[in-house]
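Trainee: I am new to this structure and would like to go through it slowly, with the reasoning spelled out. Could we have it in front of us before I begin?

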Amino acid sequence: MTFAVILSSGCLNLGSTDIPETEPADLPADLNTAILDFSQDVSDLDRVISIDLYNLAEEFSGADTDTDRENIALNYYAKNPWMSNLVYYNAVSDEFIGVPVTIAEENRNFLPTPTEQMFQSSGGTIHYSAVFNPDKGYQELDTAAVHDGNGTYIGYFIILYDFYAILNQHPMMIHKEKSYADYILFVVDESDGKVVYASKPEATGVIISEKSPYYDDQALILPETDKSGAYKYTSRAFYTYNSGLTTEKITAWKNIPAYKRTYKVYLIQELNKPPLTTEKVFAPATAETIDNVIDLFVFSSNFGKEAAIARVNAQHYSTPIYILDMEGKVLASPYKGQTGLNFLNNRGAYGYAYTKGMVNTVLHGGGFVYYAYPIEGTVTSNAAQFSNSYVLPLDDDCFVLGYFSADTDVLIVDQQKREDVVSVSREIIRRAIEEGVDSVAYEINTASRSDAGYFVPSIQSEINEISIMDFNGFVYASIKNPATVGEVVMDYVDVYGGSTTRKEIMLAKSYGGFMVDLTANKTRDGYVDLWLLSVEPIGEEKFVLTSVLIGTYEDLLTPYYEVR
């Protein structure tokens, strides 16, 4: 299988279809360096994962029982925050084991079913790209065969992850200087033109061909047959809030061999990029957006879903209104070219899969979903917009969302906070495996040890909370609220009345990940605190939660919400 890799330094909105004129250009040295650096990193990651696959296969082969294999998988999961989960298939008993939780049988349809013969012809491992997981979006899957001590084939295991996580959370990549970090990255399968990864992730799954070159109103990718080259063009400025500005850009490409395949790497650079502005950039349209969502909800009730879809596609509303199905697919959008895209891979600047958060909120009747939206869409998010979406169910299989900025300023992103919360969560899981949940809960609840530095001395952020709960909301341990230990806290809500505990439980049941919480600031009236939470399941019934403060913002929504 052959891939192409596309990199650009901007934001993808798929808003325009008029392709700009281009002219030839020289390949800049810095873009060439970034292409080569990315190629080396991809090659190194492939090598490390391949070694892991063979080592895990050997450990699985040496294990006597599936319980032993589950413990091996749990230890690997705890040490590797870039992976979402691991699945082991026992071909003898025809049974699945999932780590950190088992995938329900009705949800396993997306998993491949490699045979012993396939493993024999591939050398023992197989890689699958852009497999759509209804819980996580498009993912990469690496699988390896397992044999017993006599060399008899007994099954296989699959590691699931996505490019976003591996580029930002693999131990080899954390704190690594990336010359391509400020570019948007696309990985495209040249056999069918499918985007298997995009750092602006709503483009994941898009098909690119000669008849359909990739263009939004910012980034332009033209099919090229030469091994390298570059061209210039002019389009809208990359920063989201610079919608009225146009800038000159250069697209450079180069063929790179890696993964025993040929890659075509594209970089887009903004030559006259305007400086980043951080103050009073956005103008929230809070009341208008919520009114528009409610209007569409009522309209759909009266005239049906199809009429609501047509209404949104016709750009009836003055604020951004979308209709999505429950797997993140765009059914209607005010922007041309977005219908049919899948938003489930979308990530906030700190890794929060906010479209999945919207789905979970809709399942509880609707409400507000807030996140730090990356305004550049690059591999590493440096700047973001504190954003809010209001969602309501339209039907059993779809919902409406309205998007608006929740603060007027640009947020400068501190990626260290994401690294620290997930490091603490995975360390708690590792200890729970080795020592037992009760022992770790005691350590958390012991006052002299109740700080994150005790568990992970290397962290730099001030961790606000470490807690262990079960899927019924029962609290086993808590640093922040020790009085809740032994209690059920299903009634905990955010400042807008949304059930935070229920969202945490739903995320834990979906193999875990990041989410955010919003609380009233205790010292400043009219301000709210935005928290980043790492939620990770411990077995089939419990989960660990770790949180850190992202920032404090003026509350632009509650005054309107209370009036309504």
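Trainee: Leaving aside its neighbours within four places in sequence, which residues is Phe157 in contact with?

Mentor: This is a predicted model, in which local features need pLDDT of at least 70 and side-chain atom pairs count only at pLDDT 80 or more, while totals for chains, interfaces and linings use all residues. Residues are numbered from 1 along each chain as its sequence is written, and side-chain values use heavy atoms, with hydrogens and water left out. Taking contact to mean heavy atoms within 4.5 Å, and leaving aside the neighbours within four places in sequence, Phe157 is in contact with Leu53, Leu56, Ala57, Phe60, Leu86, Val87, Tyr88, Asp142, Thr143, Ala144 and Val146.

Trainee: Which element gives the most residues to the largest nonpolar core?

Mentor: A nonpolar core is a set of buried Ala, Val, Leu, Ile, Met, Phe, Trp, Tyr and Cys residues joined through side-chain atoms within 4.5 Å, where buried means under 20% relative accessible area (1.4 Å probe, protein chains only). The largest such core has 162 residues, and Phe157, Ile159, Leu167, Leu296 and Ile428 touch the most other members. With 11 residues, the element that gives the most to this core is H1.

Trainee: In what order do the five strands of the open sheet lie?

Mentor: Strands are DSSP runs (E, at least two residues), as helices are (H or I, at least four), numbered from the N terminus, and two strands pair if DSSP finds at least two bridges between them. The pairing in this sheet is antiparallel, and its edge strands, each pairing on one side only, are E4 (95-99) and E5 (125-133). The order is E4-E3-E7-E6-E5.

Trainee: Which residue of E4 is the bridge partner of Asn90?

Mentor: Strand E3, residues 83-90, runs antiparallel to E4, and five bridges join the two. Across this pairing, the partner of Asn90 in E4 is Glu95.

Trainee: At about what angle to E3 does helix H2 run?

Mentor: The buried residues of H2, which include Ile72, Leu74 and Tyr77, pack against several elements, among them H1, E3 and E7. Helix H2 (residues 66-79) lies across E3, E4 and E7. With axes as lines fitted to C-alpha atoms, for helices over the stretch in contact, and angles from 0 to 180 degrees between N-to-C directions, H2 runs relative to E3 at about 165 degrees.

Terms used:
Buried means under 20% relative accessible area, exposed over 50%, partly exposed in between (1.4 Å probe, protein chains only).
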